[in-house]
Amino acid sequence: MIAIMKSKPDYGAELVEVDVPRPKEGEVLIKVLATSICGTDLHIYEWNEWAQSRIKPPQIMGHEVAGEVVEVGPGVDNIQIGDYISAETHIVCGECYQCKTGNYHVCQNTKIFGVDSDGVFAEYAIVPAQNAWKNPKEIPPEYATLQEPLGNAVDTVLAGPIASKTVLITGAGPLGLLGITVAKASGASLVIVSEPSDFRRDLAKKVGADVVINPMEEDVVKEVKDLTDGNGVDVFLEFSGAPKALEQGLQAVTPAGRVSLLGLFPREVTFDINNLIIFKSLEVHGITGRHLWQTWYTVSNLLKSGKLNLDPIITHKYNGLDKFEEAFELMRAGKTGKVVFFPHK
Ligand code: NAD
Ligand code: ZN
């Protein structure tokens, strides 16, 4: 089979021909129907500091997936050949304090497939059966593969009430764009998006943002206050990882409002915590991974409702894996929303 392999500890990846793997105890083999690129895959491709410390080449890349089960390993009784599945990428231990208390998303012993083991940028892939999520047949593979990042967006947007609320989203990368459609589908009354890239502001509009702001040219806090009778937004959702965006959002959110932080900052961030969080009595949520399996049910329900506007977010579709270098370079340049591959041409 053909696979995208991180073959060397260096920039880039290679298209290789390897044997179709066989599922071991507790694993299933899937025919990959669709797979999408995550920011983490880009870090592995670019071979940044984090990737150098975590990834052990040679390894097949990728973790966002939709596929059909074609073989089942020993001891698997929850999944059958023919099942149409996606996968939670965090492999949790089930034994630590967090797992035992239902907080699997912060398991102390989390492993990630496609990061700590071979992934899904291939014609066939192994998925641990305990991580498989059965999809309804009516969800097309190009949407089903997006459920993992959609889960991040759902946990960010729905960490508190959203219906009828006014919302500021900072950052309209793939995750911020998913956040916009989740917020709109969940009944937010006003979604304001701050994003410096023209291309991504345009996507944000197409996805359903009510107002888009260029933070390099406009005063984000003033614009938000003007749009909310001087009060500020009820909810601030941080999807950029930009320190400036964090500060602007904390200024733009109304006192006693809610904040969800998903974006990861490149370094320590300094800001006036007394005036921007404590005296404003803000409710602040750090968001990581997805709640197992509550978030997957929510994502699946949103998909089934038909209310998510995913088509403008999927900016690039590739039949086959051979143009992967083009896809990664477009993503590096910020010229994409989500990129989806259909490995079987
Ligand atoms: P991305 O880098 O593609 O998108 C970030 C966007 O923020 C870009 O479009 C960029 O132009 C924009 N931006 C930059 N400076 C800004 C500013 N001052 N104001 C507003 N917007 C600004 O990343 P992504 O794939 O969409 O992911 C979003 C963030 O979420 C990243 O930081 C990523 O590391 C993080 N993430 C966290 C988790 C988690 O579990 N916590 C999971 C996945 C991704
Ligand atoms: Zn655990």
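In which loop does Asp229 lie? In this predicted model, Asp229 is placed in the loop between helix H8 (220-227) and strand S14 (233-238). Although Asp229 is not a glycine, its phi is positive, at about 50 degrees. Asp229 counts as exposed because its relative accessibility is 74%, and the cut-off for exposed is over 50%.

**Backbone features in loops**

Ser281 also has a positive phi: the angle is near 55 degrees, in a residue other than glycine. Ser281 is found in the loop between helix H10 (273-278) and strand S16, a strand that spans residues 283-286.

Two peptide bonds deserve attention for their cis form. One runs from Pro57 to Pro58, with omega near 0 degrees. Pro58 belongs to the loop between helix H2 (49-54) and strand S4 (59-60). The other cis bond joins Leu292 and Trp293, where omega is about -10 degrees. Trp293 sits in the loop that connects strand S16 (283-286) with helix H11 (294-305).

**The surroundings of ligand 1**

Around ligand 1 there are 21 residues, and those that come nearest are Leu175, Glu195, Arg200, Leu264 and Ile287. By class, this shell has 11 nonpolar, eight polar and two charged residues. Polar contacts between ligand 1 and the protein include those in the table.

| Residue and its atom | Atom of ligand 1 | Distance |
|---|---|---|
| Glu195, side-chain N or O | oxygen | 2.6 Å |
| Ile287, backbone N or O | nitrogen | 2.8 Å |
| Gly289, backbone N or O | oxygen | 3.2 Å |

Glu195 thus takes part through its side chain, whereas Ile287 does so through its backbone, as does Gly289. Taken alone, ligand 1 exposes 860 Å², and the protein buries 76% of that area.

**The second largest pocket**

Empty space in a structure can also be examined. Rolling a probe the size of a water molecule over the atoms shows where such space is left. In this model, the second largest pocket holds about 200 Å³ of space. It is lined by 15 residues, of which Pro21, Ile60, Asp118, Ala125 and Ile126 are the closest to its centre.

Which strand gives the most to the lining of the second largest pocket? Strand S9 (residues 124-128) does, with three residues. Divided by class, the lining of this pocket has eight nonpolar, two polar and five charged residues.

Note on methods. Residues are numbered from 1 along each chain as its sequence is written. Chains are lettered from A and ligands numbered from 1 in the order in which they are written. This is a predicted model: local features need pLDDT of at least 70, side-chain atom pairs count only at pLDDT 80 or more; totals for chains, interfaces and linings use all residues. Side-chain values use heavy atoms; hydrogens and water are left out. Helices (H or I, at least four residues) and strands (E, at least two) are DSSP runs, numbered from the N terminus. Buried means under 20% relative accessible area, exposed over 50%, partly exposed in between (1.4 Å probe, protein chains only). On a 1 Å grid over the protein atoms alone, a cavity is a set of points where a 1.4 Å probe fits but cannot get out, and a pocket is an open set with protein on both sides within 12 Å along at least five of seven lines; lining residues have an atom within 4 Å of a point. Grid points are joined across faces, edges and corners, and a volume is the space filled by probe spheres set on the points. Ala, Val, Leu, Ile, Met, Phe, Trp, Tyr, Cys and Pro count as nonpolar, Asp, Glu, Lys and Arg as charged, and the others, Gly among them, as polar. A residue is near a molecule or strand if one of its heavy atoms lies within 4 Å of it. A polar contact is a pair of N or O atoms within 3.5 Å; within protein, one must be able to donate a hydrogen and the other to accept it, and residues adjacent in sequence count only if both atoms are side-chain atoms. Accessible areas come from the Shrake-Rupley method with a 1.4 Å probe; for residues, only the protein chains shown count as cover.
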